[in-house]
Amino acid sequence: ADDNRCNHVEITPKGERVVMESRQTFDELDEELLGGLSREELGQLNEYLRRIKSTAYAKAGCCPAVAEPARGCGTENQPAVCAAMETISGGRE
């Protein structure tokens with residue numbers, strides 16, 4: 001809201017457990033899927049994915065740092081596209 005109100009949000013103990021379990025699951029999946037790649041191959045893969053992400057942001061008119069539409073251009077679906085890109089990448093570079 002434009003009136004400077006704010007909400008404070010805290011994760012519950014149950015939510016913390018879910019996060020920890022999810023991280024463990026994703027770590028195990030990463031190891032299973034990527035464990036056969038060398039450090040060099042992982043570096044190449046990360047570079048390719050970074051470039052694909054950058055291209056997707058550019059085509060959607062998004063700013064990758066904040067996942068919001070770039071100023072001066074826009075369509076109604078740009079924020080959704082940017083949010084989807086952040087979800088796909090896990091917010092990681």
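**Exercise 1.** How many salt bridges does the count come to? Find the residues and place them.

*Solution.* Start with the source. This is a predicted model, in which local features need pLDDT of at least 70, side-chain atom pairs count only at pLDDT 80 or more, and totals for chains, interfaces and linings use all residues. Residues are numbered from 1 along each chain as its sequence is written, and side-chain values use heavy atoms, with hydrogens and water left out.

Step 1: apply the rule. A salt bridge is a side-chain nitrogen of Lys or Arg within 4 Å of a carboxyl oxygen of Asp or Glu. The count is one.

Step 2: name the pair. Arginine 50 and glutamate 47 form the salt bridge, at 2.7 Å from N to O.

Step 3: place the pair. Both sit in helix H2 (residues 39-60), three residues apart, so about one helical turn separates them. An α-helix has 3.6 residues a turn, so residues three or four places apart point the same way.

Step 4: check exposure. Buried means under 20% relative accessible area, exposed over 50%, and partly exposed in between (1.4 Å probe, protein chains only). Arginine 50 is partly exposed at 37%. Glutamate 47 is partly exposed at 31%.

**Exercise 2.** Work out which residues of H2 are buried, and which are exposed on the other side.

*Solution.* Step 1: check the helix span. H2 has 22 residues and reaches 31 Å from its first C-alpha to its last, close to the 32 Å expected at 1.5 Å a residue. The expected span is 1.5 Å times one less than the number of residues.

Step 2: list the buried residues. They are Lys53, Tyr57 and Ala60. These cover an arc of only 65° around the axis, which puts them on the same side of H2. The arc is that of the directions from the helix axis to the C-beta atoms.

Step 3: turn to the other side. Glu40, Ile52, Ala58 and Lys59 are exposed there.

Step 4: look just past the helix. Glycine 61 takes a positive phi of about 75°.

**Exercise 3.** Set H2 within the whole chain.

*Solution.* Step 1: list the elements. The chain has three helices and two strands. Helices (H or I, at least four residues) and strands (E, at least two) are DSSP runs, numbered from the N terminus. Their order from the N terminus is α-α-β-β-α.

Step 2: gauge burial. Of the 93 residues in the chain, 12% are buried.
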